[in-house]
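Here is a short briefing to read alongside the model. Keep the viewer open and follow the topics in turn.

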Amino acid sequence: MKLLMIEDNKSVSEMMSMFFQKENWEVVFAYDGDEAIELFNQHAQEWDVITLDLNLPGKDGMEVAKEIRDVSQTVPIIMLTARDSESDQVLGLEYADEYVTKPFSPITLIARIKALYRRSGLQEEHKAQEKAQEKKFDIQTKHFKLSSATREAYLLEQEIPDLTPKEFDLLKALSSKPKQVFTREQLLQQVWGYDYFGDERTVDAHIKKLRHKVEQVGPQIIQTVWGVGYKFDDSDVQTK
């Protein structure tokens, strides 16, 4: 198991480290909210369980949980906090799967982590079965298809891997109208919203990352139209 423990109290981390070692788990520790997000994003698809203290310096636990959920809706999160009011628990469970109040028994926490890990595995198996049975594609061309329901995109029957929410939305916007040229401003408006005040280079940076992921499964389908913007075109894709 690969575990991310986000806990600003180093004595608690050191204590739990001994118990984690006995389980032969790979554990990474973060001691504030900003460090937690940085470490999570480095291996976003690899974490099996996250334990998250609600009271953190920098970004608090609720902010961290929200940012994690923006990237992954499935990684199991156990919220750790000294708070024990019902309202705090309900608020925490908006993003977390379980809620453990301090002080806690290390053995109890280990057991909760194991149970959540097993349960999440079963949930993922059920979700995979449901996707296989119910998957519908709202965009489909000769070589490409995209499902908004599952937020998956396929080129030549291979899934384009690890799409972030913005990359998926960008790909959806382009592929919804094949061969139509979109300016950077149009893409900013459609993907980031009319109130987004970012630089148009934001689009270029996301296109670059999106192209890299597309090229992992097939030829490039995001084309640059010099002096104008970008378009989706899979008409020249060659199959073996």
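K213 touches I160, P161, D162, L163, T164 and E167, leaving aside residues up to four places away in sequence. This lysine is found in helix α8, which covers residues 201–214. Please keep in mind that you are looking at a predicted model.

**K213 and the packing of α6 with α8**

- K213 has a relative accessible area of 13%, so it is buried, given that the cut-off for that class is under 20%.
- Besides its other contacts, K213 takes part in a helix pair: K166, E167, L170, L171 and L174 in α6 meet H206, I207, K209, L210 and K213 in α8.
- By class, this contact of α6 with α8 has 5 nonpolar, 1 polar and 4 charged residues.
- The axes of α6 and α8 come within 10 Å, and they cross at roughly 85 degrees.
- That crossing makes α6 roughly perpendicular to α8, because angles of 65 to 115 degrees are placed in that class.

**The antiparallel sheet beside α6**

- Helix α6, residues 165–175, also lies across three strands, namely β6, β7 (144–147) and β8.
- Relative to β7, helix α6 runs at about 125 degrees.
- These strands belong to an open sheet of 4 strands with the order β6-β7-β8-β9 and antiparallel pairing.
- The edges are β6 (139–140) and β9 (158–159); each has a single partner strand, so one side of each is left without a neighbour in the sheet.
- Strand β8 (residues 152–155) runs antiparallel to β9, and 2 bridges join them.
- For a residue to locate here, try Y154, whose bridge partner in β9 is E159.

**The parallel sheet**

- A second open sheet to look at has 5 strands in the order β2-β1-β3-β4-β5, and the pairing is parallel.
- Its edges are β2 (26–30) and β5 (98–101), each with a single partner strand, so one side of each is left without a neighbour in the sheet.
- On average, neighbouring strands of this sheet are turned by 20 degrees against each other, direction ignored.
- Strand β1 (residues 2–6) pairs with β3 in the parallel sense over 4 bridges, and L4 stands opposite I50 in β3.
- Strand β3 (residues 49–53) pairs with β4 in the parallel sense, over 4 bridges, and here T51 stands opposite I78 in β4.

**A closer look at β4**

- How many residues of strand β4 are buried? The count is 5 of the 5 in residues 77–81, so β4 is largely enclosed by the rest of the structure.
- The side facing one way from β4 carries I77, M79 and T81, while I78 and L80 point the other way; all are buried.

**Helix α2, its sheet and its partner α3**

- Helix α2 lies across β1, β2 and β3, and runs at about 145 degrees to β2.
- Helix α2 (residues 33–42) also packs with helix α3 (residues 61–71), at an angle of about 15 degrees and with axes 10 Å apart.
- The two helices, α2 and α3, are therefore roughly parallel to each other, because angles under 35 degrees count as such.
- In handedness, α2 passes α3 in a right-handed crossing.
- The contact is made by G33, A36, I37, F40 and N41 of α2, together with V64, E67, I68 and V71 of α3.
- Sorted by class, the residues of this contact of α2 with α3 divide into 6 nonpolar, 2 polar and 1 charged.

**G33 in α2**

- Is G33, which lies in helix α2, buried or exposed? With 0% relative accessibility, G33 counts as buried.
- Not counting residues up to four places away in sequence, G33 touches L56, P57, K59 and V64.
- G33 and G58 are 25 residues apart in sequence, while their C-alpha atoms are 5.4 Å apart in space.

**The whole protein**

- The secondary structure comes to 8 helices and 12 strands.
- Of the 240 residues in the protein, 41% are buried.
- Among contacts with a separation of 6 or more, 56% are accounted for by residues 24 or more positions apart.

Notes:
Residues numbered from 1 in each chain as written. Predicted model: local features only at pLDDT ≥ 70, side-chain atom pairs only at ≥ 80, totals over all residues. Heavy atoms only, no water. Axes fitted to C-alpha atoms, helices over the stretch in contact; angles between N-to-C directions. Parallel < 35°, antiparallel > 145°, perpendicular 65-115°, else oblique. Left-handed = near helix turned anticlockwise from the far one by under 90°. Contact = heavy atoms within 4.5 Å. Nonpolar A, V, L, I, M, F, W, Y, C, P; charged D, E, K, R; others polar. Buried < 20%, exposed > 50% of the residue type's maximum accessible area, 1.4 Å probe, protein only. Pairing = 2+ DSSP bridges.
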